[in-house]
Amino acid sequence: MNQVSIISDLIVWIEKNLEQPLSIDNVAQKSGYSKWHLQRMFKEVTGQVLGTYIRHRRLTYAALSLRMTSKPILDIAMQYRFDSQQTFTRSFKKQFNETPASYRRGEFWDPTGLTPAIELNKNRLFLPEPKFVNMPKQTFWGISYKNNCNLSQILDEENKLRSQFFQNYLSHYAHNSDSLPDKIFAFSRILKSKDNANEQELLYTIALDHNNNLEYIEPIVNEGGLYLCFKYIGSLENFSDFISQVHLAAMPALKVRLRTSSCLIEIHHNHHDDTIKCFKDIHTMECDYCVPVVVDDEVNIQSNLL
């Protein structure tokens, strides 16, 4: 097995064990190499220091927990293996430039400091240049789905809800011999669960910009505002990786802050492919993925996507 495969497998194991003891000695024992050889190999393959990478990934999950759950700060510190709240606060402030308490209560969410997982065996997704778009307040008509999940389940749960809707939606159009609309809009919000401090409530709404009298359809008002929009054209399987890249790699680098009270918007484009009768028939999707943001400087605002 070559070095890239060894380190790739090790990273997958680290990601699954961020809440477990991960000293260099623990990780070296798992790998079967001496800690000196392992650290040297990790740096050669990834360009990063092993201990620093583990700390950054733990702090990234801690930051997500602060913003997306109501779990006490001390519990988050213990969950990600910091020996005290003081140690956690010191490390957190070094990576995110503010204390955990101020990070949690901020009106806007600054993603600077979030660190994506290293993925060596996947083809890297190159994100196109995003556009700032000012969207108007607008009423849509849609169907909403709701589910509770923890941090590690969010993308999978969102995929399930997305698949569930499109499966039902496409079968409806196939049954009625109607043509699909040019655009289908999806709105998602993640709220802190009122019942479980470790979970989030995922709200996912699929909608049209007109009322087509589908069963259970209801009006949905989007307040609009400034969005940073990324174009995606690719497979369904890679869409979750694309979303992760947007939030953990692109957004931190772009020096924007998130409006956490607003919805993420997916604008799915249809090119009237008559062969698409169900969700599994979709091999390539085109989508504008739009994140609600605020910026401190003037930006070049593009034409409205809606």
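Begin with the whole chain in view: its accessible surface comes to about 16,200 Å², of which 48% belongs to carbon and sulfur atoms. What is on screen is a predicted model, and buried residues make up 44% of the 306 residues in the chain. Colour by secondary structure and you should be able to count nine helices and ten strands. If you then display contacts between residues at least 6 apart in sequence, 75% of them join residues at least 24 apart.

Next, select helix H9, residues 239-253. At 1.5 Å a residue, its 15 residues should span 21 Å, and because the end C-alpha atoms are 20 Å apart, the expected and modelled lengths agree. Looking along H9, you will find a bend of about 35 degrees at Val246, and Val246 is also one of the buried residues of this helix, a list that includes Phe239, Phe242, Ile243, Leu248 and Met251. Just past the helix, stop at Lys255, which follows H9 and has a positive phi, near 60 degrees.

From H9, move to Met251 and show what surrounds it. Leaving aside neighbours within four places in sequence, Met251 is in contact with Pro111, Leu228, Phe230, Val246, Val256, Leu258, Val291 and Val293.

Now widen the selection to the largest nonpolar core, which has 40 residues, and in which Phe88 and Met251 touch the most other members. Helices H4 (50-68), H5 (73-79) and H6 (85-96), strands S6 (225-234) and S9 (285-294), and H9 each supply at least two residues of this core, with H9 giving the most, seven residues. Colouring by domain explains its position: domain 1 (3-105) and domain 2 (131-299) both give residues to this core, so it lies between them. Another core, of 16 residues, lies apart from it, and to find this one you can select Ile6, Leu10, Ile14 and Ile118, which are among its members. In soluble globular proteins, nonpolar side chains tend to be buried together.

For the last stop, select Glu158, which is found in helix H8, residues 154-176. Is Glu158 buried or exposed? Its relative accessibility is 4%, and because buried means under 20%, Glu158 counts as buried. Show its surroundings and, leaving aside neighbours within four places in sequence, you will see Glu158 in contact with Ser188, Leu202, Tyr204, Ile243 and Glu266. Of these contacts, Ile243 brings the tour back to H9, where Ile243 is among the buried residues.

Technical notes. Residues are numbered from 1 along each chain as its sequence is written. This is a predicted model: local features need pLDDT of at least 70, side-chain atom pairs count only at pLDDT 80 or more; totals for chains, interfaces and linings use all residues. Side-chain values use heavy atoms; hydrogens and water are left out. Helices (H or I, at least four residues) and strands (E, at least two) are DSSP runs, numbered from the N terminus. The expected span of a helix is 1.5 Å times one less than its number of residues. The bend at a residue is the angle between axes fitted to the seven residues ending there and the seven starting there. Buried means under 20% relative accessible area, exposed over 50%, partly exposed in between (1.4 Å probe, protein chains only). A nonpolar core is a set of buried Ala, Val, Leu, Ile, Met, Phe, Trp, Tyr and Cys residues joined through side-chain atoms within 4.5 Å. Domain bounds come from an automatic or database domain assignment. Contact means heavy atoms within 4.5 Å. Accessible areas come from the Shrake-Rupley method with a 1.4 Å probe; for residues, only the protein chains shown count as cover.
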